[in-house]
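Colleague: Let's go through this model together. I will ask, you answer briefly.

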Amino acid sequence: MSAKAVAPWVRTRLRTAPGAASALALLVLLTAFLAAALPRAIDRYEDRGLRHAVTSASPDNTVIRISGTIPPPPVGDALSPGRMTQGNEDTLKAIPAPLRPDRSQSAYGVRTTEKILSDARDTWLARPEGLPPRFFVDARSAPADHTRLVSGRLPTAKADASSPTAEAAVTRVTANTLHIKVGSVIHVKRLIGDPLAVRVTGIVEPLRPSGTYWAAEPVLREPEFVQSDVNDRDSPHYWYAGLLLGPDSAPALVGATGKPETYNDIAPDPQAMNARQLCDLKNALASLKGGPALATIRANSESDTLLTQLDAVLTLFTSVRDSITPVVAVATFGTATVAGVVLLMAGGLAAARRTTELALLRARGGSLRGIAGRLTAETAVVAVPAAALGLALAVWAVPTGRIEPSLIAVAMVTAVSCLALPVRAALAHRTVRSAADRDDLIRVTPSRRRTVAELTLLVLAVGAVVALRRRSTSAGSDALVSSAPVLVGVIAALVLVRLYPLPLRWAARPAARLRSTVGFLSLARAGRAPGGGILPLLALLTALTTAAFGGSVLAGVADARDKAALYTTGADARIDSVGPLPRALPDRVAKAPGVSSATPAHVEYGVEMPYGDRVAVIGADPDSYARLTARTGLGSIAADALRAPAGAGPAGPGSARPRGVVPAIASPKVAAGLGKGPRKVRVAGYDVMVRVVAVRTRTPAVPQSDFLVVDASGLGAKYPTTVLITGSGVDGKAMRSLVTSTAGPHPQDPPSVQLRSDTRRQLTDSPLQTGAERLYAAAVAAGAGYAVLALLLSLLRGAPERAALLARLRTMGLTRGQGRRLLILEALPQAVLAAIGGALTGWAATELLAPGVDLAGLALAASPATAAVTGGLRADPMSLALPAACVIALAVGVAATQAWWTSRRGSVTELRAGDTR
């Protein structure tokens with residue numbers, strides 16, 4: 001007869017403690033979800049950032065231009081639609097992977113490369129300043145797929161090199177600007193013979209004006225008002241417009257002026273790009289620009305030249321990403337450390353609760369291997385399904401990104417969760433004993449091994465800090481550098497654990513002399529806390545350090561964006577105009593809602609200095625401009641230093657010499673060039689004698705260039721061209737409407753209104769930066785959440801013992817208020833120690849690591865406007881104080897809650913015969 005089967009260990013344990021199993025499952029589920037979602041979230045925002053970098057760049061920089069010379073007449077069918085379509089297909093097939101062309105926005109055909117002067121007989125074309133227009137002529141593929149017909153029809157007639165006429169279409173903007181109508185004839189000059197008469201058969205509207213098809217040649221979309229002499233600001237302008245010929249008319253451009261060429265404008269497909277393929281993308285572009293791919297293209301077609309700036313766009317993205325990654329890695333390491341500590345604490349709490357059970361098993365002959373194996377199986381039954389569910393939730397929540405890093409991260413979480421309890425139990429029960437020895441925090445003496453381990457961590461922390469300060473995050477990162485704040489927090493936790501008994505002993509002596517025993521008893525209880533309290537302190541200090549450092553990073557990012565926006569606008573808002581603004585405009589702007597002040601200024605750009613450079617000269621009222629500089633903090637000046645003497649100014653009528661010397665405030669480069677003596681400068685057609693009296697690095701009117709600021713009364717030009725506005729509630733739409741109604745119509749160059757708030761929002765448009773910033777904030781928040789769990793686990797470990805203590809003391813006359821104060825005072829030493837230590841450690845970590853942390857990549861989009869702004873790290877008081885205060889408040893709240901809950905239960909419930917608590 002067989003013996004009755006023994007109840008399975010795992011099933012029995014799970015039925016005995018379902019609450020603990022559920023709590024462990026929830027903790028593992030949450031940790032696995034975060035661990036799996038992190039790498040996928042990084043992949044997602046990097047992919048979006050790369051695609052945004054490509055799509056937001058000018059199509060002229062991202063398009064791959066392949067061009068070739070037109071064969072001399074007769075060209076035969078070399079330029080026929082069939083041959084050109086086949087050549088385009090061969091070229092597209094030669095594009096190496098992973099670079100993929102966007103066929104919908106790519107184009108090919110024949111175009112001119114130089115501006116074609118309109119014929120003298122076309123006098124009906126618009127000539128606003130007396131000069132005839134120039135034309136760009138393009139026989140472009142598939143015009144019907146990219147246009148909406150407004151009037152007429154698309155060009156369909158065939159034409160060759162000998163044809164006297166051809167058909168073309170123009171956009172509506174071009175037609176309205178140059179007075180072109182359906183049926184108009186424009187004569188395009190040829191090298192030999194009569195001009196080609198191009199008849200406009202249709203007026204069209206681009207379907208996607210910002211797409212590469214149109215934006216790669218913007219003159220096809222809308223005409224440009226071009227200055228005839230770029231070196232002479234007063235030279236007249238002319239219109240430069242595009243004519244869109246039909247594909248069948250490509251041979252008609254043979255022999256035309258303007259040096260026509262065949263071309264393939266290949267638009268890259270951003271949606272086919274991902275950040276993990278950056279190296280492969282760069283290799284593909286290198287092959288196109290001078291490698292096997294270019295050789296293949298040349299062998300299959302007449303094309304011989306390939307130009308693109310897409311590799312520069314990818315290089316710029318890489319530099320920004322590489323500057324962001326180390327900063328994000330700091331938060332990731334901190335959160336991962338705190339999460340790992342919390343998992344270890346959960347295992348430690350379970351081992352502490354089962355100390356008597358495990359000691360009994362060892363006393364009855366249980367082996368360490370057998371007990372550890374059963375504990376591992378017991379934990380794995382709960383942890384493995386929870387981790388798998390966390391992984392599935394992460395894949396569902398973040399559907400894009402690699403799966404391999406997520407699998408590795410979840411495997412690590414599962415391993416720590418399954419091994420924390422058995423390893424802790426095996427270490428605690430290496431020897432057989434009948435009861436657990438006391439391991440009070442005050443009585444436990446650190447072993448030599450622990451001392452060696454702590455010294456090793458100290459060396460690593462010093463090395464990480466020194467490496468980060470020397471290399472900076474802009475030079476890349478590794479695990480040691482990214483873990484610098486975490487290591488600083490770990491060292492601080494180890495130091496605090498060693499120093500913890502000292503303040504308790506100092507406070508216990510005066511507390512023993514008090515009439516009330518609550519204070520002394522609470523300090524004695526705090527001193528008898530388990531010696532394993534290093535884990536809660538480690539979790540709290542690491543989390544507080546990461547939160548303080550992360551808050552300082554986010555504050556530094558906000559400061560850098562505020563500074564960049566201010567450096568761009570010079571004030572809260574500004575109005576700029578090429579020509580004079582109405583004199584009444586500043587007063588009307590000053591009365592607008594949300595406006596505090598409006599400072600007019602005359603800005604003359606490109607003024608030649610005596611030493612040869614061209615700079616901006618600003619004429620402003622000294623009093624209002626001084627107030628503006630004080631409000632903005634950009635080169636604060638004194639009004640008296642800028643005020644011109646009475647009678648000083650430009651040369652008057654009949655006088656060849658300026659009247660007096662006008663004081664000026666200059667940028668460092670201008671001041672060095674002008675020297676200390678009076679120098680004559682010609683501004684707006686007037687000669688002015690100036691002397692530099694002060695030097696400032698920036699000024700609100702032109703915050704990003706060299707300048708010379710003078711009193712407006714000392715300039716010949718008195719009218720304002722710029723209005724600088726301060727105020728916290730400037731409405732951009734209302735301001736633009738006010739400017740338009742006051743300034744009147746400006747057909748070519750209307751006044752522009754730029755708001756500082758709009759500029760700041762543009763700095764956060766990049767998905768790479770916003771994604772990294774959100775991930776950083778989420779990592780800091782997750783670390784703070786794990787710190788709360790660590791504190792709760794620390795308090796829960798001693799909760800049964802505290803409940804029994806209160807029950808015993810109540811039988812001796814302890815009141816509810818005294819019991820509440822006892823538990824609060826018992827929890828305060830460790831909480832206050834962690835809060836003060838965390839705040840000090842966060843401040844020290846920020847100050848130590850600030851020289852090596854560059855936040856410019858995380859805060860600002862790479863552009864010339866933000867190149868001068870540096871993202872510095874500074875300690876943020878709110879980030880230091882708020883988490884520390886929350887730790888103390890949480891400890892007090894948990895202790896008060898336990899005291900209240902224990903008081904509701906009877907003493908009989910807590911006190912049982914044989915209870916060793």
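Modeller: Contact here means heavy atoms within 4.5 Å. Keep in mind that the model is predicted.

Colleague: Which residues does Leu541 touch, leaving out those up to four places away in sequence?
Modeller: Using that cut-off, Leu541 reaches into two stretches of numbering. One set is Gly489, Ala492, Ala493 and Leu496. The other set is Ala834, Gly837, Gly838 and Thr841.

Colleague: Which residues have the most contacts inside the largest nonpolar core?
Modeller: That core has 61 residues. Helix H16, residues 484–499, gives the most to it, with 9 residues. The residues with the most contacts inside the core are Val342 and Leu541.

Colleague: How many residues are in the second, separate core?
Modeller: Its members include Leu125, Ala126, Ala159 and Leu245. The count for this second core is 32 residues.

Colleague: Is H11 parallel, perpendicular or oblique to H12?
Modeller: H11 covers residues 355–363 and H12 covers residues 368–397. The axes lie 10 Å apart, at an angle of about 140°. Over 145 degrees would count as roughly antiparallel, and 65 to 115 as roughly perpendicular. The angle falls in neither range, so H11 is oblique to H12.

Colleague: How many charged residues are in the contact of H11 with H12?
Modeller: From H11 come Leu358, Leu361 and Arg362. They meet Leu368, Ile371 and Leu375 in H12. The split is 5 nonpolar, no polar and, for charged, 1.

Colleague: What is the handedness of the crossing of H10 and H13?
Modeller: H10 is residues 310–353 and H13 is residues 404–428. They pack at about 35°, with axes 8 Å apart. Contact residues include Gly347 and Gly348 of H10, and Ser417 and Arg424 of H13. The crossing is right-handed.

Colleague: Is Ala142 buried, partly exposed or exposed?
Modeller: Ala142 sits in the loop between strands E4 and E5. Its phi is positive, about 50°, although it is not a glycine. Buried needs under 20% relative accessible area, and exposed needs over 50%. Ala142 has 31% relative accessibility, so it counts as partly exposed.

Colleague: What is the relative accessible area of Lys259?
Modeller: Lys259 lies in the loop between strands E10 and E11. Its phi is also positive, near 50°. Lys259 is exposed, with a relative accessible area of 55%.

Colleague: Which residues does the cis peptide bond with omega of about 5° join?
Modeller: Look in the loop between helix H4 and strand E2, where Pro98 is placed. The cis bond joins Ala97 and Pro98.

Definitions and conventions:
Residues are numbered from 1 along each chain as its sequence is written. This is a predicted model: local features need pLDDT of at least 70, side-chain atom pairs count only at pLDDT 80 or more; totals for chains, interfaces and linings use all residues. Side-chain values use heavy atoms; hydrogens and water are left out. A nonpolar core is a set of buried Ala, Val, Leu, Ile, Met, Phe, Trp, Tyr and Cys residues joined through side-chain atoms within 4.5 Å. Buried means under 20% relative accessible area, exposed over 50%, partly exposed in between (1.4 Å probe, protein chains only). Helices (H or I, at least four residues) and strands (E, at least two) are DSSP runs, numbered from the N terminus. Axes are lines fitted to C-alpha atoms, for helices over the stretch in contact, and angles run from 0 to 180 degrees between N-to-C directions. Angles under 35 degrees count as roughly parallel, over 145 as roughly antiparallel, 65 to 115 as roughly perpendicular and the rest as oblique. Ala, Val, Leu, Ile, Met, Phe, Trp, Tyr, Cys and Pro count as nonpolar, Asp, Glu, Lys and Arg as charged, and the others, Gly among them, as polar. A crossing is left-handed if the near helix is turned anticlockwise from the far one by less than a right angle, and right-handed if clockwise.
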